[in-house]
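Me: I have a structure open that I have never seen before, and I would like to learn how to read its features one at a time. Could you take me through them slowly?

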Amino acid sequence: GIDSSKLLAKTGYVTLDTGFVNTGSCQSAITYIDGDAGILRYRGYPIEQLAQNSTFLETSYLLIYGELPTTEQLTAFDSSIRHHTLLHEDMKRFFDGFPRDAHPMPVLASAVNALSTFYQDNLNPTDPAGVDLTTIRLMAKLPTIAAYAYKKSIGQPFLYPDNSLGTVENFLRMTFGFPAEPYEVNETARAALDLLLILHADHEQNCSTSTVRTVGSAQANMFASIAAGINALSGPSHGGANQAVLEMLENIHRSSDDVDGFVKRVKNREEGVRLMGFGHRVYKNYDPRAALVKKMADDVLTKLGVSDPLLDIAMELEQHALSDDYFIERKLYPNVDFYTGLIYKALGFPNRMFTVLFALGRLPGWIAQWREMMQDPAFKISRPRQIYTGPGERDYVGVGNR
Ligand code: ACO
């Protein structure tokens, strides 16, 4: 019942909470996390049940609109997404402007930002019809952009979306297929990717999501807000960790470093070496998503006939860390990124696409959080305060006298 802005104006008190470790920025009905117990629920549904029974499309609907859809609602959602998968032809030229070896994350963020210029009549955040249309456009076009960014990076021609296919099949086809050649979607690959997208779909006020909210709080449009979220996600402390984990495993495999040696370097804080894919701001217990991914990693690799020595290194690293006092004392457990890269790799994705896949998964969460904020009657522009530590007042000195 306390209006903190009035309190601040009256008293001048400012709470300093660097990194917002203990500061809530909003009220939200979307995702519940109990970091000590290792619990994650979307709209009340345990992540384990959604992973077992739902699809990425259905989970996206749940996050964005608040309830599981009826058959009619799901069909309508699916067909409107299929209807909007094409990119404007002029958008294709954007991809030619990037260097051939451009990382696909900044390409993705730039293209999402650019989308707003094609849909300028529907950008008003207070227009519900425009917000609904932007929701569908983003859900439909992000996989197409991601596939184009990949094709460009390997010098292959783009494939137009095939709207007889669902989101995940379509994305796999646009990524791995060739124009005018039939592409048969591997069901193991489709199901694995679908499940991974569900596990990434929302995670309350993480760095990229709070970025989306902060940018949106200035009434910036949804494309602009989500482009900002994609940039936040690209950092190795956040979504970029999935690429960093695989590079870490490859380095251990390539070098003479064994697992023991690597863990020692982490504990000695050598050149800031961290055990990537371990630790989380909220989970002080096993990340429930990591538990699900670990369970599926072995199964998916076996079904795809892939034998990867990096999986053995990952399991050895995990076992080693979980019985080591350094990690036990700090409550460091594997997070969602620890095993995902091994599955993405087995599906045929290069390391640099891993964080793009995270972005595809997180999209419905970003959209849901942006929409919830805009509908919140307590909505306010984000504007944190600071504790000033610079010099006190002093007089200007002309350049010749400094
Ligand atoms: N390896 C080694 N030590 C670690 C690790 C790690 N992965 N993570 C945390 N620590 C140590 C810190 O050095 C610190 O030790 P200290 O108290 O002795 O100084 C302690 O554990 C607490 O860590 P903080 O950095 O203060 O924790 P914070 O909540 O700020 O950071 C983060 C969380 C960024 C996820 C961190 O654990 C990390 O860098 N992990 C590796 C990167 C990673 O996997 N990121 C993905 C996060 S999940 C996601 O975005 C999907």
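**Reading the features in turn**

Reply: Let us begin with a single residue: His 88 lies in the loop between helix 4 and helix 5 (89-96). Please keep in mind throughout that this is a predicted model.

Me: Is His 88 buried, partly exposed or exposed, and why?

Reply: The general idea is to count the neighbours around a residue, where 20 or more other C-beta atoms within 10 Å make it buried and 12 or fewer make it exposed. His 88 has 14 other C-beta atoms within 10 Å, and therefore it is partly exposed.

Me: Which residue is 30 residues apart from His 88 in sequence, and how far apart are the two in space?

Reply: Separation along the chain and separation in space are two distinct things to read. His 88 and Phe 118 are 30 residues apart in sequence, while their C-alpha atoms are 7.8 Å apart in space.

Me: Let us turn to strands. How many strands form the open sheet, and in what order?

Reply: With a sheet, one reads the order of the strands and then the sense of their pairing. Here 3 strands form an open sheet in the order 1-2-3, and the pairing is antiparallel. The edge strands, each of which pairs on one side only, are strand 1 and strand 3 (45-46).

Me: How many bridges join strand 1 and strand 2, and which residues stand opposite each other?

Reply: Strand 1 pairs with strand 2 (residues 39-42) over 4 bridges, in the antiparallel sense. Among the facing residues, Tyr 32 stands opposite Arg 41 in strand 2, and Ile 33 stands opposite Leu 40 in strand 2. On the other pairing, strand 2 and strand 3 run antiparallel and are joined by 2 bridges, and Arg 41 has Pro 46 in strand 3 as its bridge partner.

Me: Which side chains of strand 1 are buried, and which are not?

Reply: The way to read a strand is to follow its side chains from one residue to the next and ask which face each one points to. Along strand 1 (residues 31-34) they alternate, with Thr 31 and Ile 33 on one face and buried, and Tyr 32 and Asp 34 on the other face and not buried. Strand 2 likewise can be read by its faces, as Leu 40 and Tyr 42 form a covered face, whereas Ile 39 and Arg 41 form an uncovered one.

Me: How many residues lie between the strands of each hairpin, and which residues there have a positive phi?

Reply: The general idea is that most residues other than glycine have a negative phi. In the hairpin of strand 1 and strand 2, there are 4 residues between the strands, and Gly 38 in the turn has a positive phi of about 70 degrees. In the hairpin of strand 2 and strand 3, there are 2 residues between the strands, and Arg 43 takes a positive phi near 50 degrees. Arg 43 is a residue other than glycine, and it counts as partly exposed because it has 18 C-beta neighbours inside 10 Å.

Me: Where is Ala 180, and what is its phi?

Reply: Ala 180 is in the loop between helix 8 (167-176) and helix 9 (187-200), and its phi is near 65 degrees, a positive value in a residue other than glycine. Since Ala 180 has 7 C-beta neighbours inside 10 Å, it counts as exposed.

Me: Finally, how do helix 3 and helix 4 pack?

Reply: For a pair of helices, one reads the angle, the separation of the axes and then the residues in contact. Helix 3 (residues 56-65) and helix 4 (residues 71-83) pack at an angle of about 105 degrees, with their axes 10 Å apart, and they are therefore roughly perpendicular to each other. Leu 57, Glu 58 and Tyr 61 of helix 3 make the contact with Gln 73, Leu 74, Phe 77 and Asp 78 of helix 4, and by class this contact has 4 nonpolar, 1 polar and 2 charged residues.

Me: At what angle do helix 12 and helix 18 cross?

Reply: The axes of helix 12 (residues 241-254) and helix 18 (residues 354-375) cross at roughly 150 degrees and come within 7 Å, so the two helices are roughly antiparallel to each other. Their crossing is right-handed, and Asn 242, Gln 243 and Leu 246 in helix 12 meet Phe 354, Thr 355 and Phe 358 in helix 18.

Methods:
Residues numbered from 1 in each chain as written. Predicted model: local features only at pLDDT ≥ 70, side-chain atom pairs only at ≥ 80, totals over all residues. Axes fitted to C-alpha atoms, helices over the stretch in contact; angles between N-to-C directions. Parallel < 35°, antiparallel > 145°, perpendicular 65-115°, else oblique. Contact = placed C-beta atoms within 7 Å. Nonpolar A, V, L, I, M, F, W, Y, C, P; charged D, E, K, R; others polar. Left-handed = near helix turned anticlockwise from the far one by under 90°. Pairing = 2+ DSSP bridges.
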